[in-house]
Amino acid sequence: MATLLPAPPKVGMVSLGCPKALVDSERILTQLRGDGYALSGDYAGADVVIVNTCGFLDSAKAESLEAIGEAMAANGRVIVTGCLGHEAETIRARFPAVLAITGPQQYEAVVDAVREAAPAPRSAYVDLVPDAGLKLTPRHYAYLKISEGCDHRCAFCIIPSLRGDLASRPPAAILREAAALVKGGARELLVIAQDTSAYGVDLRHAVSDLGGRPLRAHITDLARELGGLGAWVRLHYVYPYPHVDQLIALMAEGLVLPYLDIPFQHASPAVLRAMRRPANDAKVLERITRWRQIVPDLALRSTFVVGFPGETEADFQYLLDWLGEAQIDRAGCFKYEAVAGAAANELPGAVPEDIKEERWHRFMAAQTAISEGRLAARIGRVLPVLIDEIDADGGATGRSKYDAPEIDGNVLLRDAGGVAVGDIVEVLIEDADEADLYGVSA
Ligand code: SF4
């Protein structure tokens with residue numbers, strides 16, 4: 001006789017914040033799915049709802065509180081986790097009936113809270129977790145978090161106080177996860193951490209045994225191994241330490257995508273000093289030139305902050321001139337926003353909002369022109385493109401090696417032909433604007 005299994009409780013998830021928080025949500029859901037829980041796509045069908053919050057900026061906190069309020073109103077059985085979990089009193093004051101509050105990376109505590117709120121029937125007959133875990137990103141790309149926390153103390157940032165000092169994962173565990181992701185269909189691995197290039201510093205770059213081969217806990221060794229798995233490997237949040245030159249060599253070998261996401265934040269030495277930025281080296285421009293000599297199609301993406309306390313017009317002009325020389329392919333720009341608890345709040349020289357606004361527009365105009373020029377230079381080339389979506393109108397949307405999902409641009413194909421999501425196809429680039437490329441299958 002067949003064993004009848006009771007219907008499992010359903011869990012809803014609202015995931016806010018950065019890719020690192022998204023990975024946390026994936027881990028929580030993977031664990032819960034493994035425990036026999038089902039997932040609910042809406043509040044009404046959920047026995048309990050997890051809200052994974054972001055607490056980085058005040059605006060993100062407000063968004064997180066709003067999301068908790070919405071889940072409370074629609075469902076009422078809510079567990080809060082993530083960065084805002086550190087401010088349990090604030091959450092309790094607004095929503096006293098929240099079932100449990102935990103902080104970032106407290107996967108076990110979240111899972112325990114769910115078990116208590118909606119106990120799942122255990123069954124040895126059920127194993128629903130695919131090797132790659134349960135993912136919130138599409139199957140064909142995946143974020144790979146290699147460490148938590150950060151040893152730096154940038155003046156505008158409260159992440160170290162929320163997430164603690166650098167704690168790198170053992171390289172073998174990362175490689176196991178990466179191999180499972182690739183086996184599960186990932187064509188692209190997006191390597192993330194607060195500071196990817198610092199990977200392994202806390203482990204003193206210890207050497208471990210990888211199937212009889214020595215492996216250092218070091219970003220270059222890890223990137224080389226990841227590059228051998230057969231998927232695209234994209235590096236995010238890299239700081240320009242001298243050893244980044246070794247990553248450029250891996251790009252030249254074709255093991256890692258010719259793409260670097262370096263959060264420069266500014267260029268003026270005075271502002272960088274006030275920001276207390278790591279790897280704050282005046283010779284960065286020379287290094288970018290050298291990198292491009294080795295990997296001519298290297299794409300650089302970055303983020304910048306304008307209106308940091310004390311930023312003068314001369315500092316800002318320095319940034320614009322630097323941008324013109326660095327020719328960064330893609331850049332986001334933020335107007336400085338004070339974050340409760342950040343050291344920068346004590347700095348003199350607050351920049352008035354109208355000046356921040358004006359600088360932001362000047363920055364964006366300069367960067368848009370640069371991005372446009374960099375993209376136009378790709379017209380006429382045939383590029384491999386990873387297909388993300390087949391569009392309703394018969395076209396397809398994908399990305400080249402130079403573009404990360406969500407934050408960079410797309411390659412738009414007029415005619416999808418026989419391509420499917422997750423395929424990597426050769427595309428002749430016919431046109432470009434300031435954000436996207438347009439082409440046809442080659
Ligand atoms: S490097 Fe600076 S901005 Fe990035 S997480 Fe660390 S302290 Fe924050």
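Two strands count as paired here if DSSP finds at least two bridges between them, and strands (E, at least two residues) and helices (H or I, at least four) are DSSP runs numbered from the N terminus. The model is predicted, so to speak only of what it supports, local features need pLDDT of at least 70 and side-chain atom pairs count only at pLDDT 80 or more, while totals for chains, interfaces and linings use all residues. Residues are numbered from 1 along each chain as its sequence is written.

Start by selecting the closed barrel, whose five strands run β16-β17-β18-β20-β19 with mixed pairing. Now show β17 (residues 396-399) and β18 (residues 411-413): they run antiparallel, joined by three bridges. Gly398 has Val411 as its bridge partner in β18.

Next, select the open sheet, five parallel strands in the order β2-β1-β3-β4-β5. Its edge strands are β2 (38-39) and β5 (100-101), each pairing on one side only. Add helix α2 (residues 58-74), which packs on the sheet and touches β1 (10-15), β3 (48-53) and β4; contact means C-beta atoms, placed from the backbone, within 7 Å. Between β4 (residues 78-82) and β5 there are two bridges, and Ile79 stands opposite Ala100.

Then pick Leu189. Beyond residues up to four places away in sequence, Leu189 touches Ala142, Leu144, Ala178, Leu181, Leu226, Ala231 and Val233.

Finish at the ligand. Among the residues around it are Cys150, His152, Arg153 and Asp195, where a residue is near if its C-beta atom, placed from the backbone, lies within 6 Å.

Notes: Two residues are in contact if their C-beta atoms, placed from the backbone, lie within 7 Å. Axes are lines fitted to C-alpha atoms, for helices over the stretch in contact, and angles run from 0 to 180 degrees between N-to-C directions.
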